[in-house]
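Student: I would like a close look at one part of this structure, followed outward into its surroundings. Please take it slowly and give the cut-offs behind each term as you go.

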Amino acid sequence: MTADIETIIVGAGVVGLAIARALAMKGQDVLVIEQHGLIGSEISSRNSEVIHAGIYYPTGSRRARWCVAGKQQLYRFCAENGVAHARCEKLLVATSEDQLPKLDALAATAAANGVDDLVRLTGRQARTLEPAVACVAALLSPSTGLVDSHGFMLALQGHAEAHGAQVVLNSPIEAIAVRPDGSFALDVGGEAAATITCTRLVLAAGLQSSRLARMIDFAKGYVPPETHYAKGQYYALEGRSPFQRHIYPMPQGAWLGLHATVDLGGRCKFGPDIEWIATIDYSFDASKLAKFIGFIKTYYPDLDPTSIHADYTGIRPKLYREGEAVPDFRVDGPQVHGHDGLVMLFGIESPGLTAAMAIGDHVAMLY
Ligand SMILES: Cc1cc2nc3c(=O)[nH]c(=O)nc-3n(C[C@H](O)[C@H](O)[C@H](O)COP(=O)(O)OP(=O)(O)OC[C@H]3O[C@@H](n4cnc5c(N)ncnc54)[C@H](O)[C@@H]3O)c2cc1C
C-alpha cells in the first residue's frame, strides 16, 4: 500500500514543532497537522516561559536529562536564530528556618542532575541582589532564564519548513485507523475535510494525546495512559517588576509553588497555582485572590494587594491524579506498544518548553 506522506505529526505545539524540525532535518517527509488556526494555541502559549535549569526532577529521569540538555540547546538556538530570551537567573528562596533542609536537598538533586552552577546565599546576600525579597536563605540559579515561547515556536517551524516540512492549520484529526499493512489513515475535519495516509505517525497533541491514542487498536493489549488536567492561574502585577530575577518559593510536592516571574517586557506575574479539573476549562477564578496574596506575601511582604489583577490560566497534562506518585514524561514508541512507525507523547508538562529540542532529538532517534 502506498501512503500520501511519510510522517504525520499531530499537534503544532512546541513539542510537535521541535519533533518536526528534528525529523525534517533528518530528511523525512513531514506534515504537521494542527486543529487551531495558529501554532502553539494550547499548553505552549499558556505557561510561565521560564527556561528551567533542571533543579527539581529525579536524577536520571527524562525530565531531568532533557531539561538540562534542552536548556543548552534552547539558549544556543535562540542566540543563533534571533529568538528573544534572557538569562535572567532565579532565586529559589527558603522563607523559614524549617525549609533549609529542603533547600539543601534541592541543591544536591540539582548537582546530581548536572546543574553545577547554583550558589547558596544567606538571606542578607539574597536581599543585596533582590531588595524586595524576604527569605532566610536562597539558591541563585544563573542558568535559569526566560524565552519568548511564540518566537521560539515560529523559529522551529521556520527550520522545519526550510527542510521541507509542511504545517497545516485548522485541521482537527477526528479519527485514526490502522491499515492492513500497518500504515495509518487519518480523518481530518474542518473546511478541507479529507482522509490522509502516512507510514509514520507522531501524536504530540498535549491535552488530547490520550484521547487520540485511544482511537488506535493495539494488538499487544497496550493501553494508553489517561491524561488528567491540572489548571494553573496567573495574576499580573501593575507597573515595573520589583524583581529582576524569577523568585521561586519551596516546591510543594510536584508543584513548584506560586512563583514570581519576570517577562521580557519587565512585567512581573505570579502563578500558577494548581487546581485539578475534570474538563478543559480556561476560565479565571477571581475568588482565589486572597489566597494568592497570602502566599505571595511569604516572600514579597511589601505586595500592594490592589496592584495585582487577573491575567490568564493554563492546563497541565498530568499522568497521575492528585496525591499519586509523579511519573516521568512518556514517549511510547514501538518497543512499548508493538506498533511500528508510531510514537505517542503523554504527560509533557513542565519543563516541556525547556526540554522541547531534546524531546525532538529523542523522537528522531526512535525513527
Ligand atoms: C501553567 C503551565 C506553566 C508551565 N510553565 C513552563 C515553564 O515555565 N517552562 C517550561 O519549560 N515548561 C512549562 N510548562 C510546560 C510546557 O508549557 C509544556 O510542556 C509544553 O508547552 C507542551 O507542549 P506540547 O506541544 O506537548 O502541547 P501543546 O502546546 O498543547 O500542543 C499540542 C497541540 O496539539 C493540537 N491538537 C490536539 N488535538 C488535536 C487534534 N485532534 N487534531 C489536531 N491538532 C490537535 C493542539 O491544538 C495543540 O496545538 C508549563 C505548562 C503549564 C500548563
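Student: Of the 15 residues of helix 9, how many are buried?

Tutor: This is a predicted model, in which local features need pLDDT of at least 70 and side-chain atom pairs count only at pLDDT 80 or more, while totals for chains, interfaces and linings use all residues. Residues are numbered from 1 along each chain as its sequence is written.

Helix 9 is mostly covered, with 11 of its 15 residues buried; a residue counts as buried if 20 or more other C-beta atoms lie within 10 Å of its own, as exposed if 12 or fewer do, and as partly exposed in between, the C-beta atoms being placed from the backbone. The buried residues run from G352 through L353, T354, A355, A356, M357, A358, I359 and G360, and H362 and V363 complete the list. Helices (H or I, at least four residues) and strands (E, at least two) are DSSP runs, numbered from the N terminus. The helix has a kink of about 35°, centred on A358, where the bend at a residue is the angle between axes fitted to the seven residues ending there and the seven starting there.

Helix 9 (352-366) also belongs to the surroundings of the ligand, since it is one of three elements, with helix 1 (14-25) and strand 18 (308-318), that each supply at least two residues of the shell. That shell holds 42 residues, the closest being G11, G13, N47, G206 and G352; a residue is near the ligand if its C-beta atom, placed from the backbone, lies within 6 Å of it. G352, one of the closest to the ligand, is also among the buried residues of helix 9. By class, the shell has 18 nonpolar, 18 polar and 6 charged residues, where Ala, Val, Leu, Ile, Met, Phe, Trp, Tyr, Cys and Pro count as nonpolar, Asp, Glu, Lys and Arg as charged, and the others, Gly among them, as polar.

The shell draws at least three residues from each of two domains, whose bounds come from an automatic or database domain assignment. That assignment gives domain 1 as 5-46 + 150-226 + 325-366 and domain 2 as 90-141 + 228-318. The C-alpha centres of domain 1 and domain 2 lie 32 Å apart. The contact between the two takes 9 residues from domain 1 and 11 residues from domain 2, with two residues in contact if their C-beta atoms, placed from the backbone, lie within 7 Å. On the side of domain 1 that touches domain 2 there are 4 nonpolar, 2 polar and 3 charged residues.

From here a few individual positions help to fill in the picture. R46 lies in the loop between strand 2 (30-33) and strand 3, and R46 counts as partly exposed because 19 other C-beta atoms lie within 10 Å. Setting aside residues up to four places away in sequence, R46 touches Y312, T313 and G314. R46 and I315 are 269 residues apart in sequence, yet 7.6 Å apart in space, C-alpha to C-alpha.

Strand 3 (50-51), which follows that loop, is an edge strand of an open sheet of 3 strands in the order 3-8-4, with antiparallel pairing. Strand 3 and strand 8 (residues 145-147) pair over 2 bridges, and two strands are said to pair if DSSP finds at least two bridges between them. Within this pairing, V50 stands opposite L146 in strand 8.

L319 has its place in the loop between strand 18 and strand 19 (330-332), and L319 is partly exposed because it has 19 C-beta neighbours inside 10 Å. Apart from residues up to four places away in sequence, the contacts of L319 are P225, T227, P327, R330, F346 and G347.

A213 offers a contrasting position in helix 6 (residues 209-213), and A213 counts as buried because 23 other C-beta atoms lie within 10 Å. Leaving aside neighbours within four places in sequence, A213 is in contact with L203, P224 and M344. A213 and P225 are 12 residues apart in sequence and 8.9 Å apart in space, C-alpha to C-alpha.
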